[in-house]
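Me: I'd like a close look at one part of this model, the stretch where the predictor is least sure of itself. Once that is settled, please carry on into the rest of the chain.

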Amino acid sequence: MKKVVAFLAAIITAVALFGPVTAGQASSIYDAATVSSLRNMVDAMTYYSYFGSTGSYEGVTAAQLQAQGWSPAANVEYKVWIEGTGQDYRAVAQDVRNGSQVSFTTAGSFNGRSAGSVGVSSPQPSLVPTVATFTVSDLNSSLDSDALSALLAAGGVALSDICAATLFVPGTHQAGSSVSDQSLACESAASAAGATTSS
């Protein structure tokens, strides 16, 4: 009897370990480290806003966050968008070795995450970044991205039209395409299951 129970336990374990993985279950071995790194960056951003000269997130750089005790992970791409008057930001991090994208926002919701929570983005972008970088986009124009998203959705603007508009904006070309990395990211977000104007 003990041999039968041990055999069944071995089969169940093998199925659990080596069985098919659905998209909802898929995760990378790098995800936990990316989540931890983004949480640490969030802490450094908070310290920067408290102790920096502006009292906001504006003007933040990787060097200033390192002065607050954070170091970017070697294989992770970080993107930060400072919004409105500099009091809010959104951020994503993703390991370039096929990790899941992780998101954070200080206000509203972003990539399936509520304000103040760091976690795996939903939906996931279809393109994985190829270069580990740290990029800050200081929008600093009192742009309310949630209001803009609502207006685009209410106006019936197609996601493909939003991405088409990015084709004429200068951007980076780290992915090696003639189309900018930003346009590729937009197309990736727009083609993801459950995509919205906000995502």
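Over which residues does pLDDT stay under 50, and how many contacts beyond four places in sequence does the model have for them?

Reply: The stretch you want is residues 4-25, where pLDDT stays under 50. For these residues the model has three contacts beyond four places in sequence. Bear in mind that this is a predicted model, so the coordinates of that stretch come with the low confidence just quoted. Helix α1 (residues 2-18) has the lowest mean pLDDT among the elements of the chain, at 43. The other end of the scale is strand β3 (residues 102-105), with a mean of 96. For the chain as a whole the average pLDDT is 81, and 82% of the residues score at least 70.

Here is the overall layout. The chain has six helices and seven strands, and along the sequence they run α-α-α-β-β-β-β-β-β-β-α-α-α. Of its 199 residues, 31% count as buried. Take the contacts between residues at least 6 apart in sequence: 51% of those join residues at least 24 apart. The accessible surface comes to about 11,200 Å², and carbon and sulfur atoms account for 60% of that.

Next along the chain is helix α2, which covers residues 31-51. Thr34 sits in this helix and counts as buried because its relative accessible area is 1%, under the 20% cut-off. Its side chain reaches the backbone oxygen of Tyr30 at 3.0 Å. Setting aside neighbours within four places in sequence, Thr34 is in contact with Val76, Ala93, Gln94, Asp95 and Val102. Tyr47 is in α2 too, but its relative accessibility is 39%, so Tyr47 counts as partly exposed. Together with Tyr50 and Phe51, Tyr47 forms a nonpolar patch on the surface, and the three have about 420 Å² of accessible area between them.

Two of Thr34's partners, Ala93 and Gln94, turn up again if you look at Glu77. Glu77 belongs to strand β1 (residues 76-83) and is buried, with a relative accessible area of 13%. Leaving out neighbours within four places, Glu77 is in contact with Val92, Ala93, Gln94 and Val96, and also with Pro129, Val131, Ala132 and Thr133. There is a long-range pairing to check here as well: Glu77 and Val128 are 51 residues apart along the chain, and their C-alpha atoms are separated by 9.6 Å.

Asp95, another partner of Thr34, leads to the salt bridges, of which the structure holds two. Asp95 pairs with Arg97, the closest N and O atoms being 2.9 Å apart. Asp95 counts as buried because its relative accessible area is 2%, while Arg97, at 39% relative accessibility, counts as partly exposed. The other bridge joins the side chains of Arg90 and Glu83, with N to O at 3.0 Å. Here Arg90 is buried at 5% relative accessible area, and Glu83 is buried as well, at 10%. If you plan to look at charges, that gives you one bridge with a partly exposed Arg97 and another whose Arg90 is buried.

Now for strand β3, the one with the highest mean pLDDT. Ser103 falls within its residues 102-105, and its side chain is joined to that of Ser121 by a polar contact of 2.4 Å. Ser121 lies in the loop between β6 (119-120) and β7 (134-138). Loop residue or not, Ser121 has a relative accessibility of 4%, so it counts as buried. Besides Ser103, Ser121 touches Gln101, Val102 and Asn111, not counting residues up to four places away in sequence. Val102 is a name you have met already, as a contact of Thr34.

That leaves the C-terminal side. In helix α6 (residues 181-191), the buried residues are Asp181, Ser183, Leu184, Cys186, Ser188 and Ala189. Part of the cover over them comes from α5 (159-165).

Back to your stretch, then: residues 4-25 keep a pLDDT under 50 with three contacts beyond four places in sequence, whereas β3 averages 96.

Conventions:
Residues numbered from 1 in each chain as written. Predicted model: local features only at pLDDT ≥ 70, side-chain atom pairs only at ≥ 80, totals over all residues. Heavy atoms only, no water. Patch = residues over 30% accessible without salt bridge, like charges linked within 9 Å, V, L, I, M, F, W, Y side chains within 5 Å. Areas by Shrake-Rupley, 256 points an atom, 1.4 Å probe, with all protein chains shown as cover. Salt bridge = Lys/Arg side-chain N within 4 Å of Asp/Glu carboxyl O. Helix = DSSP H or I, 4+ residues; strand = E, 2+ residues; numbered from the N terminus. Buried < 20%, exposed > 50% of the residue type's maximum accessible area, 1.4 Å probe, protein only. Polar contact = N/O pair within 3.5 Å; in protein donor to acceptor, adjacent residues only side chain to side chain. Contact = heavy atoms within 4.5 Å. pLDDT = per-residue confidence, 0-100.
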